[in-house]
Structures are given as structure tokens and as C-alpha cells.
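User: Please take a close look at a single part of this structure, and then connect it to what surrounds it. One long answer is welcome.

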Amino acid sequence: MKTAEIKRRYLAHFEANGHTVVPSAPLPAIDDPNLLFINAGMVQFVPFFLGQQTAPYSRAVSVQKCIRTPDIDEVGKTSRHGTFFQMNGNFSFGDYFKAGAIPLAWELITKSVEQGGFGLDPERIWATVYLDDDEAIEIWKQTGMPAERIVRRGKKDNFWSMGIPGPAGPCSELYYDRGPAYGPDGGPEADEDRFLEFWNLVFMQHEITDVKSKEDFTIVGDLPKQNIDTGMGLERMASILQGVDNMYEIDEIRPVLSRAAEMTGKSYGAHSGHAASESHPDDVRLRVIADHVRTALMLIGDGIVPSNEGRGYVLRRIMRRAIRSIRLLGWQEPALPILLPLARDCMSPSYPELAEEFGRISTYAYAEEDAFLSTLKSGTTILDTAITETKSSGGQKLSGDKAFQLHDTYGFPIDLTLEIAQEQGLQVDQDGFRRLMADQRARAKADAAARKTGHADLSAYRSALDAGGPVEFTGYQEITRESR
Ligand code: ATP
Ligand code: MG
Ligand code: MG
Ligand code: MG
């Protein structure tokens with residue numbers, strides 16, 4: 001079943017059950033420095049849950065575009081984490097609660113494909129509940145779920161929040177057993193690759209604050225009403241229904257992955273079994289490329305442009321990682337002019353605006369890649385020389401001076417210096433680097449102050465010149481030139 005069809009069936013099921021279809025909010029929709037991007041379907045409904053606003057409907061259904069940057073290190077290594085993904089969700093604002101949400105979910109996933117459902121084999125489905133939630137256990141049993149496939153789990157997995165202060169609550173999750181080829185038996189507690197989490201039903205009833213981690217927060221009190229917030233990973237459901245090993249192999253992502261494999265002469269999947277943990281490093285890189293190209297497309301599509309701070313910096317890092325990954329696989333030319341149009345073709349059936357705005361999107365994307373490639377070209381030679389020198393003199397740490405020079409003179413980003421040095425078994429004197437950065441900022445401040453008062457303090461320029469030599473900016477500075 002195609003991803004677009006899964007989405008359509010999800011919306012249709014809940015619409016037939018009295019839910020209003022609400023469009024996805026744009027990725028950067030909220031103004032909260034702690035949450036740069038929407039990370040779940042419920043985010044656009046927060047004021048309804050908190051009782052700050054009255055919802056214009058008591059039941060809603062949506063397919064929300066999401067970004068989870070904390071998952072970026074998992075991408076490609078697990079079967080199930082994307083930086084960008086889509087979350088199907090149904091919501092009740094003080095309307096139905098557990099006894100409504102569980103049967104509605106069960107019906108959709110077990111109803112046959114012919115009848116408009118997803119046709120999952122009930123024998124393969126497991127449910128988890130929050131520690132003491134006997135009520136949820138009872139409702140699951142009424143669906144026919146045997147007690148041995150209902151598992152109690154703690155806060156880390158079964159108490160959901162956005163990761164920032166706001167509405168939260170205990171939850172009940174659905175897992176699909178993909179079989180012994182994917183890992184050992186024993187349910188979600190034993191192996192989360194074999195037992196794939198695909199749907200989370202959150203019983204939204206508390207407000208939390210002081211959030212330090214998934215397990216460390218303070219409950220302020222109860223929400224005015226008992227609500228339901230669910231999230232089903234669209235790509236995860238697609239990987240189940242399409243019978244593929246991971247989310248990067250579904251119809252909306254695979255063409256980009258396959259093309260990247262072709263470009264680099266890699267035979268994707270040739271060396272590995274079904275379990276993500278057995279993956280060949282080249283395969284992991286190909287998945288990273290496919291994920292990150294799609295993420296970049298969706299972010300620029302929603303108005304983010306590469307920059308050195310905030311959301312733009314997240315985009316920049318994601319793009320750099322895709323570009324570097326394909327270079328590490330042996331492709332030295334610009335890759336985005338080949339891969340980005342493919343990602344667009346995969347996604348535009350669901351998001352037609354991507355096709356309409358591709359001129360703008362691709363201009364930013366290709367300029368960013370060009371700029372990064374020239375940065376890499378100038379910086380890599382210098383870094384390689386510095387690494388060789390450090391090693392041959394018996395050192396284990398690249399100097400802060402060198403890291404700063406790379407950053408300042410060649411626009412070579414510090415995270416890349418760290419990454420490359422680490423690959424070569426070296427550390428970087430980050431304290432030294434930070435000191436030089438601070439000095440530079442102080443000089444810039446003095447300069448700005450001088451400009452304001454009209455008294456230029458030339459000594460600042462002089463010492464900057466003495467310290468760093470003539471300054472020639474390349475790379476990222478160029479991206480700001482809109483004409484490119
Ligand atoms: P996991 O434990 O696998 O990291 P999660 O518990 O963090 O998932 P939830 O916060 O419960 O995920 O989100 C609801 C649903 O969204 C999940 O059940 C899953 O189907 C989907 N989902 C979550 N994170 C991702 C991701 N990074 N990529 C794709 N789908 C995701
Ligand atoms: Mg997670
Ligand atoms: Mg989980
Ligand atoms: Mg979950």
C-alpha cells in the first residue's frame with residue numbers, strides 16, 4: 001500500500017467517526033526557542049489542551065509534518081528514525097477518552113484492506129501501557145488482545161510530553177512484531193527493531209513543567225479536560241505494509257536512496273540481513289543521504305533558509321551531512337541537482353506546493369551545496385596537513401589556533417573539524433578555539449561601538465590582522481548573495 005493511500009485511509013477512518021480534517025501546520029509554526037520545529041501532531045493543538053482556547057471541533061484528525069533533530073544520530077542506524085517524518089494523528093478535546101481511542105485504533109489497523117483498513121494480523125500486535133494503567137489494560141483485553149502481549153512500561157516510554165513544559169500524559173503504544181529475522185523474541189522490552197513501535201495513544205490529562213528529561217519533570221496539575229492525542233508514524237506504517245526492512249525503503253524515500261547508490265556504485269543491501277543492527281556502513285550512509293535530502297526539501301519548502309543560527313543552522317548541518325556522506329561514498333560532484341528533484345517527485349503528490357515552489361527551493365539548496373563544496377575544498381587540504389603534522393609530532397590534539405583559523409579564514413565549520421579530526425583519532429582543543437572565538441566577538445563589539453560613536457579603535461583591527469593574517473572569506477559568506 002502506497003504511503004499516500006495509508007494517509008488517505010487514516011483520514012477517512014477518523015472523518016467517518018466524526019473527526020474534522022485539519023491540515024498540517026508548517027514545520028516552524030511555533031514561537032518557542034526550546035522547540036525549533038514541530039515534533040508531533042499535537043503541537044498545533046496545545047492551546048486547546050491547556051484550555052487557553054476553545055477548539056472549534058471536539059474531534060480532529062491530521063497528518064502533521066514533523067522534525068526531530070534529537071533523532072538525527074539514529075537515522076540510518078535504526079530502521080525507524082527519520083529527521084523528517086509525518087505523523088498521522090487523531091485528537092479528542094474533552095470528547096472521547098481511553099474507551100473511545102483504543103477501539104478506534106484497533107478497528108483501523110485490524111480491519112481488512114478490502115474494507116478500507118490496514119489488515120494487520122492481530123497476532124503480531126503488542127500493546128504497552130503506563131505502569132499502573134489497569135484501565136487501559138482492561139480496554140485492550142476487550143479488543144481481544146491477550147494479556148501476555150500487553151506490557152507495562154515506565155516514564156521513559158509510556159509517559160508522553162513534547163519535551164518542554166505543556167500538556168502531557170500517560171500513554172499506550174502499539175508495536176508490530178516483524179518476526180525472528182529482525183531480532184529476538186520477548187516483546188518491545190527485548191528488541192525495538194523487531195517489535196516496531198508504530199502508534200502512540202496519549203491520554204492527555206496533565207500539565208508539566210521543569211522538564212529536564214523524559215523521566216525528570218514536575219506535574220503542575222490536571223488539564224481542564226481529559227483529552228486524546230495520538231501519533232502514528234506514517235513512514236513506519238508504510239514500512240510494515242510495504243514489507244520493507246526500514247522506513248528509508250518505502251515508496252516516498254527509496255528512489256533517492258537507490259539513485260545515491262547508483263551514483264556511488266554501491267549495491268545497497270547486498271551485505272546485510274534484515275535487522276538494522278547488521279547494516280553495512282555504506283548502507284547507513286545511503287539512508288542518511290536519502291533522509292537528509294528529503295528533510296532539506298521539506299524545510300526549505302516551509303520557508304527555512306540555510307544560515308548560521310537557529311532553524312537555518314539546523315538545515316545547514318543537515319545539508320552538509322548529506323553532502324559529506326555522498327562524498328565519503330565517492331561522489332565528488334554536486335549531488336543535489338540529481339537527488340533533490342527526485343525527492344520532490346516522491347513528495348509532491350502529497351505536497352503539491354513543493355513542485356510549484358521548486359525554483360525557489362532548489363536555488364537555495366544548490367547554492368548551499370556549491371558554497372559548502374568550495375569550503376570543503378579549501379579547508380580539507382589545510383586540515384589534512386594539520387592532522388598529519390599533529391600526528392607526526394606525537395600530538396593527540398589539534399590546536400585551537402588551527403581550528404580557529406579554519407573557521408575564520410576558510411569558513412570551515414568547527415563541527416566538521418571535530419568530526420574529521422575524530423575520524424583520524426585526534427581530539428581538538430575546543431577550549432582554545434572558544435577563547436579565540438570570544439576574543440573575536442569582543443573585537444567585533446568594540447568595532448560596532450566605535451562605529452556608533454564615530455571613534456574607530458584601529459588597534460583592534462591591527463591586532464586582528466596580526467593574529468590571523470589577511471582575512472579572506474569564502475564558503476558560507478557566499479550563500480547570502482541571493483543572486484546565486
Ligand atoms: P521511538 O521510541 O521509536 O523513538 P517515540 O516513542 O519517540 O519513538 P512518539 O513520541 O511516541 O515516538 O511519537 C509517536 C509516533 O511517531 C511513534 O510511535 C512513531 O510511529 C513515530 N515516530 C516517532 N519518532 C519518529 C522518527 N524519528 N521517525 C519516524 N517516525 C517517528
Ligand atoms: Mg523517539
Ligand atoms: Mg518509543
Ligand atoms: Mg512512543
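Analyst: Happily! Let me start with the metal site, where donors are N, O and S atoms within 2.8 Å of the metal (3.2 Å for Na, K and Ca), and where a site may look incomplete since water is not among the atoms. This is a predicted model, in which local features need pLDDT of at least 70 and side-chain atom pairs count only at pLDDT 80 or more, while totals for chains, interfaces and linings use all residues. Residues are numbered from 1 along each chain as its sequence is written, chains are lettered from A and ligands numbered from 1 in the order in which they are written, and side-chain values use heavy atoms, with hydrogens and water left out.

The magnesium ion (ligand 4) has two protein donors, Glu173 (OE) and Glu197 (OE), at 1.9 to 2.2 Å. Glu197 also bridges from this ion to the magnesium ion (ligand 3), and the two ions lie 3.1 Å apart. The glutamates come from distant parts of the chain: Glu173 is in strand β7 (residues 166-177) and Glu197 in strand β8 (residues 195-209), 24 residues apart. Helices (H or I, at least four residues) and strands (E, at least two) are DSSP runs numbered from the N terminus. Glu173 counts as buried because its relative accessible area is 3%, and Glu197 because its own is 19%. Buried here means under 20%, exposed means over 50%, and partly exposed is in between (1.4 Å probe, protein chains only).

Now for the packing. The residues touching the most other members of the largest nonpolar core, which has 88 residues, are Ile109, Trp140, Leu174, Phe198 and Trp199. Such a core is a set of buried Ala, Val, Leu, Ile, Met, Phe, Trp, Tyr and Cys residues joined through side-chain atoms within 4.5 Å. Helix α8 (residues 281-301) contributes the most to this core, with 11 residues. The core takes at least three residues from each of domain 1 (3-241) and domain 2 (253-356). Domain 3 (381-479) completes the division of the protein, with bounds from an automatic or database domain assignment. Between domain 1 and domain 3, the C-alpha centres are 45 Å apart.

Aromatic rings come next, with 17 aromatic pairs in the structure. Phe48 and Phe93 form an edge-to-face pair, because their ring centres are 5.4 Å apart and their planes stand at 80°. This pair joins helix α2 (residues 46-50), which holds Phe48, to the loop between β3 (84-92) and α3 (98-110), which holds Phe93, across 45 residues of chain. Phe48 is buried at 13% relative accessibility, and Phe93 is buried at 8%. The rings of Phe159 and Phe217 are stacked instead, because their centres lie 5.0 Å apart with planes at 25°. Phe159 sits in strand β6 (residues 159-161) and Phe217 in the loop between β8 and β9 (218-233), so their pair ties together parts 58 residues apart in sequence. Both Phe159 and Phe217 are buried. For these labels, rings of Phe, Tyr and Trp (its six-membered ring) pair if their centres lie within 6.5 Å, with planes under 30 degrees apart stacked, over 60 edge-to-face and the rest tilted.

Ring pairs also build a cluster out of Phe45, Phe48, Phe49, Tyr57, Phe91 and Phe93. Phe217 has a charged neighbour too: Lys155 lies over its face, 5.1 Å from the ring centre. Similarly, Arg344 lies over the face of Phe358 at 4.4 Å from the ring centre. A charge counts as over a ring if NZ of Lys or CZ of Arg is within 6 Å of the ring centre and within 35 degrees of the ring normal.

A few other places round out the tour. Helix α1 (residues 3-16) has 14 residues and spans 20 Å from first to last C-alpha, close to the expected 20 Å, a value given by 1.5 Å times one less than the number of residues. Among its buried residues are Ile6, Tyr10, Leu11 and Phe14. Just after α1, Gly18 has a positive phi of about 85°. In helix α13 (residues 400-410), the buried residues include Ala403, Phe404 and Leu406, and just after α13, Gly411 has a positive phi of about 65°.

Leu315 belongs to helix α9 (residues 310-328) and is buried at 0% relative accessibility. Its C-alpha lies 9.2 Å from that of His292, 23 residues away along the chain. Asp71, in the loop between β2 (59-67) and β3, is buried at 16% relative accessible area. The C-alpha atoms of Asp71 and His81 are 6.4 Å apart, with their positions 10 residues apart in sequence.
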